[in-house]
Amino acid sequence: MRRLLSTLALRCSSCSQPLPTPLPACNKCDSISPIPPSATFHDIFALPARPNPFVVDKVLLKRRFRQAQAVCHPDSWASKGQHKQDIAQSLSSRLNEAYNTLVNPLRRAEYILEQNGLPILESDQLDDLEFITDIMQVREGIDEAEDAEALALIVEANAVKMDDTVRELERAVGAQKWPAVKDAAVRLKYLEGIAAAGKQKEEEMGEE
């Protein structure tokens with residue numbers, strides 16, 4: 001993320017009126033265009049990528065997501081012609097992808113890594129044997145938990161580790177230490193797997 005300026009315009013390219021959101025959709029003259037491929041997810045919501053793209057104001061993100069959805073919702077463009085409705089559908093899909101990526105710490109880290117040429121691959125694994133052993137033991141603890149209280153302790157401990165790892169990601173991204181970012185992101189992926197297993201176990205206990 002080396003660019004400092006957004007590639008999205010502040011004014012409509014057709015009528016020159018200020019746009020209600022960073023999206024190229026104008027409710028003054030009913031002009032709508034695709035988002036430029038060079039626009040980042042931060043650009044789409046006019047969120048700063050400096051000094052640290054990992055730091056996202058989730059309240060602001062959610063508000064701008066709702067504003068943008070209102071502007072480009074395909075139903076709002078249904079009477080403007082099929083072509084414009086198709087563009088609105090594309091904008092809405094891109095908007096959802098951007099929001100779901102930035103709101104989730106792991107997906108946000110993966111996106112930032114990809115933007116900086118170090119994507120996480122399915123084949124990527126950790127060399128930290130101690131961490132992997134701990135993950136296996138926690139997973140066994142979830143499988144063997146016999147009551148909700150025992151399971152809750154495991155889930156809460158894992159949540160603390162996830163929070164610590166997210167803070168570690170924030171520091172590493174801020175320092176642009178990309179190998180460290182990737183390592184922490186892979187660890188967070190394992191921890192999210194534990195959280196998912198814990199949730200599934202809770203649901204199974206609730207059905208008994």
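The paragraphs below go through local features of a predicted model, beginning with its cysteines and ending with a pocket.

A search of the whole structure finds 0 disulfides. A disulfide is a covalent bond between the sulfur atoms of two cysteines. The cut-off applied here is a sulfur pair within 2.5 Å. For Cys 26, the closest cysteine sulfur is that of Cys 15, at 3.7 Å, and the two are not counted as bonded because this is too far. Cys 29 fails in its own pairing because the closest cysteine sulfur, in Cys 12, is 3.6 Å away, again too far for a bond. Cys 26 is buried, with a relative accessible area of 1%, whereas Cys 29 is partly exposed at 31%.

Asp 30 belongs to the loop between strand S1 (25-26) and strand S2 (31-32). Its phi is positive, about 60°, although Asp 30 is not a glycine. Most residues other than glycine have a negative phi, and most peptide bonds are trans. Asp 30 counts as partly exposed because its relative accessibility is 25%.

The loop between H1 and H2 holds another residue of this kind, Ala 46. Ala 46 has a positive phi near 55° and is not a glycine. With a relative accessible area of 44%, Ala 46 is partly exposed. Pro 51 is also found between helix H1 (41-44) and helix H2 (58-72). The peptide bond that joins Arg 50 and Pro 51 is cis, with omega about 5°.

Helix H4 covers residues 105-115, and its buried residues are Pro 105, Leu 106, Arg 108, Ala 109, Tyr 111, Ile 112 and Leu 113. An α-helix has 3.6 residues a turn, so residues three or four places apart point the same way. At the N-terminal end, H4 is capped by Asn 104, which has a side-chain oxygen 3.0 Å from the backbone nitrogen of Leu 106. Gly 117 follows H4 and has a positive phi, near 75°.

Helix H7 spans residues 178-207 and includes Arg 187. Is Arg 187 buried or exposed? Arg 187 is buried, because its relative accessible area is 11%, and buried means under 20%. Its side chain makes a polar contact with the side chain of Glu 168, at 2.6 Å. When neighbours within four places in sequence are left aside, the residues in contact with Arg 187 are Leu 126, Phe 131, Thr 165 and Glu 168. Glu 168 thus appears both in this set and as the polar partner of the arginine.

Ala 180 is also placed in helix H7. At 34% relative accessibility, Ala 180 counts as partly exposed. Its C-alpha atom is separated by 47 Å from that of Ala 78, a residue 102 positions away along the chain.

The last feature is a pocket. Rolling a probe the size of a water molecule over the atoms shows where empty space is left. The second largest pocket contains about 160 Å³ of space. It is lined by 16 residues, and those closest to its centre are Ala 9, Arg 11, Ser 13, Leu 19 and Pro 24. By class, this lining is made up of 11 nonpolar, 4 polar and 1 charged residues.

Technical notes
Residues numbered from 1 in each chain as written. Predicted model: local features only at pLDDT ≥ 70, side-chain atom pairs only at ≥ 80, totals over all residues. Heavy atoms only, no water. 1 Å grid on protein atoms, 1.4 Å probe; cavity = no way out; pocket = protein on both sides within 12 Å on 5 of 7 lines; lining within 4 Å. Points joined across faces, edges and corners; volume = space filled by probe spheres on them. Nonpolar A, V, L, I, M, F, W, Y, C, P; charged D, E, K, R; others polar. Helix = DSSP H or I, 4+ residues; strand = E, 2+ residues; numbered from the N terminus. Buried < 20%, exposed > 50% of the residue type's maximum accessible area, 1.4 Å probe, protein only. Polar contact = N/O pair within 3.5 Å; in protein donor to acceptor, adjacent residues only side chain to side chain. Contact = heavy atoms within 4.5 Å.
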